[in-house]
Amino acid sequence: MQTKMMNVTGMTYGGCVSKMTEAQTVVPAFGHVDVSLPHKATIDFDKKLTSIEYQQSAVKGASYGV
């Protein structure tokens, strides 16, 4: 597993944290996800099964910026 911290824009309340966490955990290659306001996400993922670009795509798919 590899750990990556991202700055995520557009999160303003607790519901955003839940939405971001769900967007990341849908992908089996992701492990632990820690999201905190106002704009940080720390994600463990298996780099053999996914990439940082795919991870960022999941964030954008949840309507947030990276």
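Biologist: Before I trust anything here, what is the mean pLDDT of the protein, and what share of its residues reach 70 or more?

Modeller: This is a predicted model, and its mean pLDDT is 76, with 86% of the residues at 70 or more. As a general idea, where pLDDT is low, the predicted coordinates should not be read in detail.

Biologist: Which element has the lowest mean pLDDT, and which the highest?

Modeller: Helix α1, residues 14-25, has the lowest, at 71. Strand β1, residues 2-7, has the highest, at 82.

Biologist: OK, now the fold. In what order do the elements run from the N terminus?

Modeller: They go β-α-β-β-α, which comes to 2 helices and 3 strands. For the contacts, look at how far apart the partners sit in sequence: among contacts with a separation of 6 or more, 61% join residues 24 or more positions apart.

Biologist: And how much of the protein is buried?

Modeller: Of the 66 residues, 35% are buried. The accessible surface comes to about 4000 Å², and carbon and sulfur atoms own 52% of that.

Biologist: How do I read a nonpolar core, and which residues touch the most other members here?

Modeller: The general idea is that in soluble globular proteins, nonpolar side chains tend to be buried together. In this model the largest nonpolar core has 13 residues, and those touching the most other members are Val8, Met11, Met20, Val35, Ala41, Val59 and Tyr64. Helix α1, strand β2 (30-36) and strand β3 (40-45) each supply at least two residues of the core. The largest share, 3 residues, comes from α1.

Biologist: Let's pick Met11 from that list. Where does methionine 11 lie, and is it buried or exposed?

Modeller: Methionine 11 lies in the loop between β1 and α1. A residue counts as buried under 20% relative accessible area, so methionine 11, at 4%, is buried.

Biologist: What is methionine 11 in contact with, leaving aside its neighbours within four places in sequence?

Modeller: Its partners are Cys16, Met20, Val35, Ser36, Leu37, Pro38, His39, Lys40 and Tyr64. Take Leu37 as an example: leucine 37 is 26 residues from methionine 11 along the chain, yet their C-alpha atoms are separated by 6.6 Å.

Biologist: Now helix α2. Which of its residues are buried?

Modeller: Gln55, Ala58 and Val59. The trick with a helix is to look down its axis: the buried residues of α2 fall within an arc of 100°, so they line one face of the helix. On the other side of α2, you find Glu53, Lys60 and Gly61 exposed.

Biologist: Zoom in on alanine 58 for me. Why does it count as buried?

Modeller: Because its relative accessibility is 16%, and the cut-off for buried is under 20%. Alanine 58 sits in α2, which spans residues 52-61. Methionine 20 is 38 residues away from alanine 58 in sequence, but the two are 8.6 Å apart, C-alpha to C-alpha.

Biologist: What comes after α2, and what is its phi?

Modeller: Serine 63 follows α2, and its phi is positive, near 75°.

Biologist: One more, from the other helix. How exposed is glycine 14?

Modeller: Glycine 14 lies in α1 and is partly exposed, with a relative accessible area of 46%. Over 50% would make a residue exposed. Glycine 14 and valine 35 are 21 residues apart in sequence, with 9.9 Å between their C-alpha atoms.

Technical notes:
Residues are numbered from 1 along each chain as its sequence is written. This is a predicted model: local features need pLDDT of at least 70, side-chain atom pairs count only at pLDDT 80 or more; totals for chains, interfaces and linings use all residues. Side-chain values use heavy atoms; hydrogens and water are left out. Helices (H or I, at least four residues) and strands (E, at least two) are DSSP runs, numbered from the N terminus. Buried means under 20% relative accessible area, exposed over 50%, partly exposed in between (1.4 Å probe, protein chains only). Contact means heavy atoms within 4.5 Å. Accessible areas come from the Shrake-Rupley method with a 1.4 Å probe; for residues, only the protein chains shown count as cover. pLDDT is the predictor's confidence in each residue, from 0 to 100. A nonpolar core is a set of buried Ala, Val, Leu, Ile, Met, Phe, Trp, Tyr and Cys residues joined through side-chain atoms within 4.5 Å. The arc is that of the directions from the helix axis to the C-beta atoms.
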